[in-house]
Structures are given as C-alpha cells and as structure tokens.
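Reader: I'd like a close look at one part of this model, the central sheet and what sits around it. Could you walk me through it in one go?

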Amino acid sequence: MADLRDYIKWRGDLTFEQSPFNEVDNLIFSYIAYMNFSGIVPENTRDDPDGDTGNGTGDDTGNAAGNDAEKAPGRITIREASERFWELHTEQEVLDNPTMTRPLPFVFRDLAASRRFGNLYLSDYRNEIDEDSRKQFAAIRIHLGENRYYLAFRGTDETMVGWQEDFNMVCIPEVPSEKRAVEYLLEAMQRRERPGEEKPEFYIGGHSKGGHLAVYAAVHCYERFRDRIIQVFNNDGPGVSAAIAAGEAYQKMLPRLVSYVPEQSFFGLMLIHEETTYTVKSSRSGLMQHDCLSWEVLGTEFVRVHGVSAQSRKTNDGLKKWLEGLTPEERQKITELIFGSFSLAGIRNIGDFAALTPKKLYDMVCNLKGMDAEQKALVNRAFRLLIHALKGKEK
C-alpha cells in the first residue's frame, strides 16, 4: 500500500491550485517540523506585504516565482532549504542518526524536487531547548499562497528534555512548550494587523506532542483571531486536560479540530479527545505505528479503519487509571527521579541510549538505589498501581 513517499511521487507534479490542500499534505507539513533547519531557515520574517508566497507555480527550472532577497526577506523555498541542508550534512551523518526521523532529510529532498512542494516558502523557524525549564519547542511556518499558511509544531525530539516535558504535561497545568506555542501562534497572527489588508488564514498542526501543541495554541489564542484558523490537525498526539476540555474556548474550537491516530495508537489516546477522530491503517505494528511514514495513503486521503485496537484502548484505560491513583505532585516527583538518574548518568538524548555503557547503566541503577525511604515508597507504590491498572485489577 502507498505511503507519504508514494504520495509525493504520484502527486508531486500537481500544484495546490490543481489539487487543493488535503489531510495528507497536513501530515507532510507536520513531518517537516522535525527537520533540523538551524542555519538554513530564517527565524524571523520581516513585516512585509508578502508578495508572491511561493505557491508551487514557479518555473520548471526550480526557481520560485519572486524569490529574490528584496521580495522574499526572511524566507527560503523548500528546494533551497534542501540544497543548503545537504551542503551542511552528509548522507552518512544522516544514516547514523538513531531516531525515528532518520529518513526525513531524504523525504525532504523528494519534496524539494517536486512541483507541488519545492517552491513553497519556509520561514519563522524556532528551535528552543532549555534544560533548566524543561522546554523543548520547535515550529516552522509554511507559506501556501493566497495569504494562507500552515504552522507546524514539532513533536518530541531525541532530547531527554523533550521527553521529560511530555511527562510533565500530566503533572502541571502548563508546560513551557505549551506557553511558547501560544506565543508563536499569536506572533504569526499579529504580524499583519494592518487596516484594510486581507487577514491571513491558518492551518495549524503537528505530529505527536506537536499535534497537542497545535490544539493547545488554537484554544488559547485571542478570541478575535480564532476565525482565522481554518483547521487544527492533531496527528497521533495527546488531547487536552479535563479543565481545558470543559472550557468554553475548547468547545467553540471543536468544529475545527480533527485528529488522526493509527490502529495501535498510544500517544494519540492520552488525555481527553472530544474532536472528530479518524483511525488510519499503518504498515507497522505496536508503538512503531506512531511513525507517520508508516501511515497508508490512497489518493488524497489516508486509508481508514474502524477504530483503534482493543489492546490500545485497554492499555490507555490502564494508564489513565494509574494516573488517577497518583496526585500531580507524586507524578512530578516520579518524573524528576527517573530523569534525574538519566542526567546523572550523562544521558542527554536518545542517541546516548544507543551508546549506553556498563558504567552509565551502573550509575543509573546506583542513583535509583540511592533514593531515601520516602522516594522508594513513592516509586514502589507507583509501579504497583501501574501493574494493577494495566491488568485491570483494583488496588
């Protein structure tokens, strides 16, 4: 069955005027957000009239229409971004990357070679890692033409900071990346607040945590801007807290929210989802279905199935029950203990796990063994609750 790469090959010659934006394009843009654009895509777009936005109508030589320094300040086409990326990185360097997004630069190169995507502009790249505040945030703006944009939020990357922030989402009311996502959206919407000008419209989305950030930002943006949001895409990302779901802003935004999850979803079932949700067929199994390159495509749509698997629902129900048995303070303490042991062992990213030495493993175990009586009791209780919850038993 076809996947994103096949879609790019089969429909890459059709511009967005010939074949309008669709749900598969959404996933491609969410996937782009994982690219390392440091030193490639500008962080800021000058406050300009925008002119031609690179909507895939450039000439066949690969030159985006109007793409010169004066007409397109602070922007770069996907084609140019791919060329610069491969000037900075070798194929072997990319192949040595142990993360799930290893194929992305090659997929991005295919996008760059296509008529549909190659001339689209990229701008407003952000990539912010702060270990002290436990923040991992990245986003990028894709210019679709006709005063429309797709704001793509990155999901969890390979850093331990990113993974800890994910765990913190169930412990504290607002994690740093959620706050930053709202700021990023407002920056994009406020930039062109000029009397008499056509107001820009936005698609917002992301994969994994990026999908959650898209929903969170849309719900928390200023009310006067909400009518500019066309649709919000959550691609296998967590939902929202009960407090947010009960709020008026979330309920008003619901008609524009849509989620896609694979059959054996894990991340996409977390927290509360009240929006329309579609289940997508994947060519992989288990947690590997989270990889969006495994999602099957037919034409301009995903191949859909009837609901997630019974095992996914059972696991998710068990985790929810486990969390309900712990206070927010207990959840945060457990998270700090686990990730504190990683930090002391010198583990900063997923790659460090691949290179885990006996000494680092020993340091991690020693750190956990060094917990005081109260910490040990908390961890033991948490794991006991987890086992019972996953087995569907009472405490």
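**Around the sheet**

Author: Let's start with Tyr149: its relative accessible area is 1%, so this residue is buried. Keep in mind that what you have on screen is a predicted model. Tyr149 belongs to strand β4, which covers residues 148-153. If you want a second point to click on, try Leu122, 27 residues away along the chain; its C-alpha atom and that of Tyr149 are 9.8 Å apart.

Now zoom out to the sheet. β4 is one of nine strands in an open sheet, ordered β1-β2-β3-β4-β5-β6-β7-β8-β11, with mixed pairing. β1 and β11 are the edge strands, and since each has a single partner strand, one side of each has no neighbour in the sheet. As a reminder, strands of a sheet pair through backbone hydrogen bonds, and they can do so in a parallel or an antiparallel way.

You can find both kinds here. β4 runs parallel to β5 (residues 201-207), and six bridges link the two. Within that pair, Phe153 sits opposite Gly206 of β5. Further along the order, β7 (residues 257-262) and β8 (residues 276-280) are also parallel, with five bridges between them. There, Val261 faces Thr279 in β8. Then the sense flips: β8 and β11 (residues 304-305) are antiparallel and share two bridges. Val280 has Arg304 of β11 as its bridge partner.

Go back to β5 and follow the chain out of the strand. Ser208 lies in the loop that leads from β5 to α8 (209-220). With a relative accessibility of 7%, Ser208 counts as buried. Leaving aside residues up to four places away in sequence, Ser208 is in contact with Tyr34, Gly155, Asn234, Asn235, Asp236, Gly237, Pro238 and His290.

Two of those names, Asn234 and Pro238, come up again in the lining of the second largest cavity, together with Val215, Gly239, Val240, Tyr250, Ile272, His273 and Glu275. That cavity holds about 30 Å³ of space. The model has two cavities of 30 Å³ or more.

At the other end of the strand order, helix α3 (residues 78-88) is worth a look. Its buried residues are Ile78, Arg79, Ala81, Ser82, Phe85 and Trp86. Viewed down the axis of α3, they fall within an arc of 165°, so they line one face of the helix. What do the buried residues of α3 pack against? Two of the partners are sheet strands, β1 (76-77) and β2 (121-130), and the others are the helices α2 (23-32), α4 (91-95) and α5 (104-113).

A quick word on cysteines, in case you're setting up a topology: the structure has zero disulfides. Cys171 counts as buried at 9% relative accessibility, and Cys221 counts as buried at 2%.

Finally, the whole chain. Its secondary structure adds up to 15 helices and 11 strands. Of its 395 residues, 53% count as buried. Among contacts with a separation of 6 or more, 73% are between residues 24 or more positions apart. The pairing of β4 with β5 and the contact between Ser208 and Tyr34 are good places to go back to on your screen.

Methods: Residues numbered from 1 in each chain as written. Predicted model: local features only at pLDDT ≥ 70, side-chain atom pairs only at ≥ 80, totals over all residues. Heavy atoms only, no water. Pairing = 2+ DSSP bridges. Helix = DSSP H or I, 4+ residues; strand = E, 2+ residues; numbered from the N terminus. Disulfide = S-S within 2.5 Å. Buried < 20%, exposed > 50% of the residue type's maximum accessible area, 1.4 Å probe, protein only. Arc of directions from axis to C-beta. Contact = heavy atoms within 4.5 Å. 1 Å grid on protein atoms, 1.4 Å probe; cavity = no way out; pocket = protein on both sides within 12 Å on 5 of 7 lines; lining within 4 Å. Points joined across faces, edges and corners; volume = space filled by probe spheres on them.
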